[in-house]
Amino acid sequence: MCRMLVASGNINMEELIDGIILMSKDEFQDHEYNKEKGRGTYVNRQGWGISYIDNGGKWIIDRSIDPIYEDPKIQKYKNIKTNFVILHARMKTKGIVSLENTHPFV
């Protein structure tokens with residue numbers, strides 16, 4: 001079960017990143033809440049990735065095998081200016097934890 005956010009237009013990157021971090025920690029309000037197992041059932045800890053279009057129209061892609069909520073590298077993306085972004089947080093279902101298995105794929 002992965003978490004993927006796609007946004008276009010006038011994007012508030014800080015809010016978007018804070019949102020995917022909460023979703024990845026299974027700390028958001030309702031989505032996929034497991035009443036039997038409780039919060040923490042759907043934690044995405046096997047990596048994350050971002051892809052966005054910079055001011056010059058070039059795709060920028062970065063990925064990590066660290067949990068998005070523990071990786072300080074994600075913080076630098078809170079201040080970027082873009083009109084299109086894809087954010088992904090991975091919950092491993094198949095394969096090993098590696099950059100090759102972390103979206104966005106190139």
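Here are a few friendly notes on this predicted model, going from the whole chain down to one aspartate.

1. **Overall layout.** The protein chain contains 1 helix and 4 strands. Read from the N terminus, the order of these elements is β-α-β-β-β.

2. **Burial and surface.** Of the 106 residues in the protein chain, 41% are buried. The accessible surface is about 6,500 Å², and carbon and sulfur atoms supply 49% of that.

3. **Contacts along the sequence.** Take the contacts in the protein chain with a separation of 6 or more: 65% of them join residues 24 or more positions apart.

4. **The E2–E3 hairpin.** Strand E2 covers residues 48-53 and pairs with E3 in the antiparallel sense, with 6 bridges. Within this pairing, Gly49 sits opposite Arg63 of E3. The two strands form a hairpin with 5 residues between them, and Gly57 in the turn has a positive phi of about 85°.

5. **Where Asp71 sits.** You will find Asp71 in the loop that runs between strand E3 (59-64) and strand E4 (84-89). Leaving aside residues up to four places away in sequence, Asp71 touches Trp48, Ser64 and Asp66.

6. **What does the side chain of Asp71 have for company?** Asp71 is buried but has no salt bridge. Lys73 is the nearest side chain of opposite charge, at 5.0 Å, and a salt bridge is counted within 4 Å. The backbone of Lys73 is worth a look too: its nitrogen lies 3.0 Å from a polar atom of the Asp71 side chain.

Terms used:
Residues numbered from 1 in each chain as written. Predicted model: local features only at pLDDT ≥ 70, side-chain atom pairs only at ≥ 80, totals over all residues. Heavy atoms only, no water. Buried < 20%, exposed > 50% of the residue type's maximum accessible area, 1.4 Å probe, protein only. Contact = heavy atoms within 4.5 Å. Areas by Shrake-Rupley, 256 points an atom, 1.4 Å probe, with all protein chains shown as cover. Lys, Arg positive; Asp, Glu negative; His and termini not counted. Polar contact = N/O pair within 3.5 Å; in protein donor to acceptor, adjacent residues only side chain to side chain. Pairing = 2+ DSSP bridges.
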